[in-house]
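Reader: I would like a close look at one part of this model: the second largest pocket and what surrounds it. Please keep it brisk.

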Amino acid sequence: HVGPGEVLALVGPSGSGKSTVAKLVLRFYDPDAGEIRLDGHDIRDLTLRSLRENVTVLLQETLVFDGTVRENIAYGKAGATEEEIVRAARVADAHDFIMSLPSGYDTVVGQKGRLLSGGQRQRIAIARAMVRDAPVLILDEPTTGLDAESSLRMIEPMRRLMEGRTTIVISHNLLTVREATEILLLQDGRVAERGTHQELLERDGAYAHLYRLHQTEEREATQGL
């Protein structure tokens, strides 16, 4: 059970079932056993539209289309105002780099956002999610493809996005899940370990081993900032 403002983190190796959970929440397919409830309702009793209107997904492959920065952010909400767009960009730490672009918010970013760096594209995606303002948030490998330094810079904007929302974080990068309400370590489609970050470190199992590896990456990235 994950409530408003709480974070469930799913970690583990590729193929362990992390992204499958996200697909189940969005009803790309239904579970063979058990149920998933949203605000007390079995999601199979909800229409797909009403379910998905209440969920925002930030994917590992950032979806940026060939339009202006403003259009890319506003895509999160029909009729988004200029004030909402700029406020979302500020929360995502995107406003300053947007204003440095040739035409600011009217800059056309190119196919798949080719004129932007990976970190800039992800901050545009965070701003879009802020504009959408859905109560449930799924972050699916949000720092994939970013170097360690860029990943660290993404943590604070993501923390702001998660505030007040029920969040499921799917990640290989344990630096993004330390503050989760509960962490599930998945292996071969099953929950191998569960607990808070501190509890799992004290258990000194697979999670603790993975975390020590990421700590080394964090130190190296911090030294380069």
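Author: Two elements, strand E4 (55-58) and helix H6 (118-132), each supply at least two residues of the lining of the second largest pocket. H6 gives the most, with five residues. The model is predicted. In this model the pocket holds about 470 Å³ of space. Its lining counts 19 residues. Nearest the centre lie Val 57, Leu 63, Tyr 75, Arg 128 and Arg 132. By class, the lining divides into 10 nonpolar, four polar and five charged residues.

Now follow H6 away from the pocket. H6 also gives the most to the largest nonpolar core, with seven residues. That core has 42 residues. Ile 73, Ile 98 and Tyr 207 touch the most other members. In soluble globular proteins, nonpolar side chains tend to be buried together.

Take Ile 73 as a way in. Leaving aside its neighbours within four places in sequence, Ile 73 is in contact with Ile 85, Ala 89, Ile 98, Tyr 105, Ile 124, Ala 127, Arg 128 and Val 131. One of these, Arg 128, is also among the residues nearest the centre of the second largest pocket. So much for the link between pocket and core.

Two other contacts of Ile 73, Ile 85 and Ala 89, lead to helix H4 (residues 82-91). Buried in H4 are Glu 84, Ile 85, Val 86, Ala 88 and Ala 89. An α-helix has 3.6 residues a turn, so residues three or four places apart point the same way. The cover over the buried residues of H4 includes helix H3 (69-74), helix H5 (95-99) and H6. After H4 comes Asp 93, with a positive phi near 55°.

A second, separate core has 14 residues, among them Leu 10, Val 25, Leu 26 and Ile 168.

For context, turn to the largest pocket. Its volume is about 1,000 Å³. It is lined by 34 residues, and Val 2, Leu 8, Val 25, Ile 36 and Ile 168 are the closest to its centre. Val 25 and Ile 168 also belong to the second core. Elements that give two or more residues to this lining include strand E1 (7-11), helix H1 (18-25), strand E6 (166-170) and strand E7 (182-187). The lining of the largest pocket has 19 nonpolar, 10 polar and five charged residues.

Key. Residues are numbered from 1 along each chain as its sequence is written. This is a predicted model: local features need pLDDT of at least 70, side-chain atom pairs count only at pLDDT 80 or more; totals for chains, interfaces and linings use all residues. Side-chain values use heavy atoms; hydrogens and water are left out. On a 1 Å grid over the protein atoms alone, a cavity is a set of points where a 1.4 Å probe fits but cannot get out, and a pocket is an open set with protein on both sides within 12 Å along at least five of seven lines; lining residues have an atom within 4 Å of a point. Grid points are joined across faces, edges and corners, and a volume is the space filled by probe spheres set on the points. Helices (H or I, at least four residues) and strands (E, at least two) are DSSP runs, numbered from the N terminus. Ala, Val, Leu, Ile, Met, Phe, Trp, Tyr, Cys and Pro count as nonpolar, Asp, Glu, Lys and Arg as charged, and the others, Gly among them, as polar. Buried means under 20% relative accessible area, exposed over 50%, partly exposed in between (1.4 Å probe, protein chains only). Contact means heavy atoms within 4.5 Å. A nonpolar core is a set of buried Ala, Val, Leu, Ile, Met, Phe, Trp, Tyr and Cys residues joined through side-chain atoms within 4.5 Å.
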